[in-house]
Amino acid sequence: MVSIISIKSKKLSGEIFVPGDKSISHRALILGSCGIGETSIENLLESEDVLATMNALKSLGVNIKRRNSFWYVQGNGLGSLKSPNKVLYLGNSGTGVRLLMGLVSGCDITASFNGDESLNKRPMKRILTPLEQSGTQIISNEDKLPITINGSKIPIPIKYETSLSSAQVKSCVLLNGLTSTGNTIYLEPIKSRDHTERMLNYMGAKIFCKTHKNGSNKIELKGLPNLQGKHFNVPNDPSSAAFPLAAALLIPNSEITIKNVCINELRIGFYDSIKEMGGNVKFINKQNICGDTTADIKVKYSKLKGISVSPKRVPTMIDEFPIFCIVSCFADGKTTMNGIQDLRNKESDRIKEMVNNLKKFGFNISSSLDSITIIGNKNIDLSKEIIIDSKFDHRIAMSFLCLGFLMNKGVKVVNAETINTSFPNFYKTMETLGAKFKK
Ligand code: S3P
């Protein structure tokens, strides 16, 4: 068990790089394994979650190697995976396990999946239902891990409509549909992150998307595409960038730049919300990398006002609510977040953890099943000594460490090793900017 204490820090300044995007890194490895020929990956996130996906793919017979700073995946084409001779352990990674179950279900193999304490509590019915429709045989522990998937060589093409907006479910269904002979159709109520669709398209798949005025989205994937190995240059992760950005917004006189961050419009709801609150955040040096837009993000300490986040924006900032709660505590007036029920199914129940932990500091925060309300208070007593248990949730850990930079006696986070699942250089990166830790 690793405990870290973040302590009161003076203004942050300088330029940093956060690591490569987690969602894109998982997909580059998984899709690379489906292509014909070599896929090379630049700036892959080498965190525990992504390495768990990589190890699982290796156990499924995929050859993946690092040469210098690039990773190379030798793709053998669709349906080429082999039954592993051990249980695939995906650690803490919901993305890894859900996407891989989709991939395996479209191959004529059997594989068993397991995870850590946090992952084994998370709901899997959301993917098991469509996979069963496609003909996959599944043995589960009441719709949770451990799960054994008995894939089908030629899955039945399905049309799947869901009321949940989830890129993990969407990607699982699309990966399953790759080896089907017909068209897979997926309908989601609000468009979720579209990395799978973009990357499949880049590799040569015939995939069509139509987003309606009300935000709902339809995707149609033609089965058995001719996927070619490609080069992926992974942009830096906007979800990781949210932590230094929040710290800079809240620590007086700070001014920092975070370089080369993915600003895909389906990933920047947090940044839109911060701008709406009056935050001084600018995207500069925009570029196009492998079909996605990146920018350097410039942020200055700002006076913020409370806002209302509508359910429509939720999928575009789904991972940023813990750190958004911290920021909202220092905004003038009320901030409300609605339509966030699925936060209860993340690495921890993030609504419960944010509410219970922020109350310890004396913040005015309340919740319902699917919402959080915070009344900001910049004059809170900053002299308390608070200990937070991460509950094996990296984003809970990093959010409270950022709050610690404002507290006179700091904040201690226990089980802080979970940060390695997504942001292995978190401490060093924050220290580069001037933030302080006691280890
Ligand atoms: C992810 C999708 C999101 C997000 C997760 C990564 C992905 O989950 O919370 O961290 O890479 O597809 P849901 O799709 O379940 O909302």
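This tour moves through a predicted model, stopping at strands, a pair of helices and a few backbone features.

Begin by selecting strand β3, residues 36–42, together with strand β5, residues 70–76; the two pair in the antiparallel sense, and six bridges connect them. Keep β3 selected and add strand β14, residues 231–233, which runs parallel to β3 and is joined to it by three bridges. A useful residue to centre on here is Ile41, whose bridge partner in β5 is Trp71, while its bridge partner in β14 is Phe232. With Ile41, Trp71 and Phe232 displayed, the view shows a bridge from Ile41 to β5 and another from Ile41 to β14.

Next, move to Asn43, which is found in the loop between β3 and α2, the latter spanning 48–59. The phi angle of Asn43 is near 65°, a positive value in a residue other than glycine. Most residues other than glycine have a negative phi. Is Asn43 buried, partly exposed or exposed? Its relative accessibility is 32%, and Asn43 therefore counts as partly exposed.

For a second positive phi, select Asn415, in the loop that lies between β23 (411–414) and α12 (426–433). Here phi is near 60°, again in a residue other than glycine. Asn415 has a relative accessibility of 9% and so counts as buried, the cut-off for that class being under 20%.

From there, go to strand β9, residues 144–150, and pick out Pro146, which has its place in this strand. The peptide bond that joins Leu145 and Pro146 is cis, with an omega of about -5°. Most peptide bonds, by contrast, are trans.

For the last stop, select helix α7, residues 238–250, and helix α8, residues 269–276, which pack with their axes 10 Å apart and at an angle of about 20°. How are α7 and α8 oriented, roughly parallel or roughly antiparallel to each other? Because angles under 35 degrees count as roughly parallel, the two helices, α7 and α8, are roughly parallel to each other. To see the contact itself, show the side chains of Pro238, Ala241, Ala242, Leu245 and Leu249 on α7, and then those of Phe270, Tyr271 and Ile274 on α8, since these are the residues that make the contact. Colouring this contact of α7 with α8 by residue class would give eight nonpolar residues, with no polar and no charged ones.

Conventions. Residues are numbered from 1 along each chain as its sequence is written. This is a predicted model: local features need pLDDT of at least 70, side-chain atom pairs count only at pLDDT 80 or more; totals for chains, interfaces and linings use all residues. Side-chain values use heavy atoms; hydrogens and water are left out. Axes are lines fitted to C-alpha atoms, for helices over the stretch in contact, and angles run from 0 to 180 degrees between N-to-C directions. Helices (H or I, at least four residues) and strands (E, at least two) are DSSP runs, numbered from the N terminus. Angles under 35 degrees count as roughly parallel, over 145 as roughly antiparallel, 65 to 115 as roughly perpendicular and the rest as oblique. Contact means heavy atoms within 4.5 Å. Ala, Val, Leu, Ile, Met, Phe, Trp, Tyr, Cys and Pro count as nonpolar, Asp, Glu, Lys and Arg as charged, and the others, Gly among them, as polar. Two strands pair if DSSP finds at least two bridges between them. Buried means under 20% relative accessible area, exposed over 50%, partly exposed in between (1.4 Å probe, protein chains only).
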